[in-house]
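Trainee: I would like to take a close look at a single part of this model, and then follow its surroundings outward.

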Amino acid sequence: MKSVVSISSSVRAVCQYSPNYFMTCSRGLIRHSDSSGRILKSDVSFKARMAQPCVKSSLGCFHNTREMGAVAQQLSNLPFAEEKDYELRVHPEKHLLPKTAGQPSIDTQLGTSASPTKLGHVKVEPLSVKSLFEVEVLPELLTRLKEAPSNEKTEGLATLLGVCVEFGVDYQSSIVSRLKEEWRTHLSKTDIGVIHLCHLGEVAYNLEGKRSEIVEQVLDSVSISIDALTQNETARVYSFLALLKDPHHCQDLMSRLHRHTEKLIHRLQAINISDIFHSLVALQQRQAIALIVKLSRRASRVFRSFQDEELIKVLGALMHFGQHDEDFITAMEKHLPVKIVDADPELTSVVMEFCLQMRCRSEPIFEAVAESFICNSEKYTTPQIARQIIAMGRLSYLPQCSSQMFKKLESVLSSRFSQFQPRALIEVLHSCIHLERFPLNFVSKVFSPYFLQRLQAQGEPLDKHALGQLTQLNLSISLECTYYRGPRLPYYLHVKKFSSMDHSFESPVESYLYNQVKGPLNKLLEGKTYYSTRVFTQPGYTIDVEICLDEDGFVLPLSQWDHTHRRIALCLDAQDRFCSNTHHLLGKETTKRRHLCRMGYEVVQIPYFEFEKLRTQKERVQYLHKKIFPTIFRFYR
């Protein structure tokens, strides 16, 4: 049940919407009761209210009833002539009889379990308020709207429908039926703007659902005028369609809207782009790749104009669709470093999440984020901190201020350790090892039986991904921190292989690059019996190509690998092992190479961007010879 102030303020909001029209009435709708509780006509006019500064409501630009309710609440603070101007049926407290044993309470008599609302020295009947609102207030306002100008009538009808939604009026009631009939007549006789149409459609959807006749009528009207939409109207239509969440129902309209938006692309402002991107995500329009790419390019040109919330929507949409433009990355690198210092913490975290998903290793952005973390770490939530550190680790970026950043991170982990979710904490510590930073103080806590029990107790089973991170963390401590004497991960929790479907720990060898290398390598080693491919090691890593030597430096055939003295690991590094915009290996690949070296392998890197430049077989054989020659002295005959 709505409170008295809420009902009164919402009615006032409706009246305040058209101050030039409604406030000229010589007599108000306000009624008050006499001492017997009867409702009397009041002589109170609007003169006292008109004497106050006129507050113009912006209900017309609101897209949902919650925003309308917020304005109504704000308008309720306006000074009014008398407090008794509420439209209520009241019972003076002195007439209320004490409750006796066996007598039903007044709440039961009124048909509500809520306590009667007290207002001064009176008690309010909630049912009388709702009845008065539906029976007398709304009909009176609807009668006045008939004489209003077209624009005011359009928005006024939509606002009244919104009030019905706000107060839970039955959509089959006579007043709602009357409102809908007025709308049908109004739509057929008047050329209504698209923004007003969408406002009406949203209110009708909230009242009756997507099968509403008014919604269908609004869609038909929008379809007729779709080729003449402005950029603001286009964004508004997208928002309306996103509310319906039924792209298949209006697929033709959607296709025409996409084509029209592509024509308007150079007129779109930042807020239009943000709203359209947000709607495309809600509508799951993955097939609109051409429009998404053009929106991304347009966003790069108006990047400076984005507000934080708008930019969060744009980045979220680009991550959702897996699309980005090089110009957009350039715009990010140009404008974000200055913006990040005072930006919304969520924006900073979303930017890092975006860079990680796109494998974009941006020095100016990452440096700005690191400096912001050092200065403003207290304003970040633990999930936001985790996203920033994880992105730097997985993209193998060590900022220039890394010493201060990791000191700050250690301080945050010490003071807020219990606030981190177990999975997020594992992700953070695992990312640190990619940067050769070993958080031994916290590793001992993670490997403790208490933490592992806590991880399982939260209903999050230790899947292969989590176990893989713990195993690699344990392996890193064993290989690179031999002086560590704290707890270790129990052996029964170790994963046997790091290869996984999501390639979180190592990327499999790319077939195309392997086929390019195989021929020259066979010629260099004089046969394929001198090397092995896709070799699994005991700690769990997979080696692309392994070559074994004896103690005299001879290359051994596979049949004599029992006499191996030295091992060579060839890493055939395709594009998916590098950051998308640089030739830096991803964090998981740098960690794998460090560990292979610690395990006794001699690692030889064959990057795609070097090998693909070689055109002839001879050039490729010579290239492999130079790469492997420092290790191989002669072949076993």
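Trainee: How many residues does helix α14 have, and what distance does it reach from its first C-alpha to its last?

Mentor: Bearing in mind that this is a predicted model, helix α14 runs over residues 289–301, which gives 13 residues, and it reaches 19 Å from its first C-alpha to its last, close to the 18 Å expected at 1.5 Å a residue. The buried residues of this helix are Leu291, Ile292, Leu295, Ser296, Arg298, Ala299 and Ser300. When reading that list, it helps to recall that an α-helix has 3.6 residues a turn, so residues three or four places apart point the same way. The cover over the buried residues of α14 includes the helices α11 (231–244), α12 (251–263), α13 (270–282), α15 (308–321) and α16 (326–340).

One of these covering helices, α12, is also joined to α14 by a salt bridge, in which the closest N and O atoms of Lys294 and Glu262 are 3.1 Å apart. Lys294 belongs to helix α14 and Glu262 to helix α12, so this pair links distant parts of the chain, 32 residues apart. Lys294 counts as partly exposed because its relative accessibility is 33%, and Glu262, with a relative accessible area of 24%, is partly exposed as well.

Another covering helix, α11, carries Arg236, whose side chain meets that of Glu202 in a salt bridge at 2.7 Å, N to O. Because Glu202 lies in helix α9 (residues 194–208), the pair ties together parts that are 34 residues apart in sequence. Here Arg236 counts as buried at 5% relative accessibility, and Glu202 is buried with a relative accessible area of 4%.

Notes
Residues numbered from 1 in each chain as written. Predicted model: local features only at pLDDT ≥ 70, side-chain atom pairs only at ≥ 80, totals over all residues. Heavy atoms only, no water. Helix = DSSP H or I, 4+ residues; strand = E, 2+ residues; numbered from the N terminus. Expected span 1.5 Å × (residues − 1). Buried < 20%, exposed > 50% of the residue type's maximum accessible area, 1.4 Å probe, protein only. Contact = heavy atoms within 4.5 Å. Salt bridge = Lys/Arg side-chain N within 4 Å of Asp/Glu carboxyl O.
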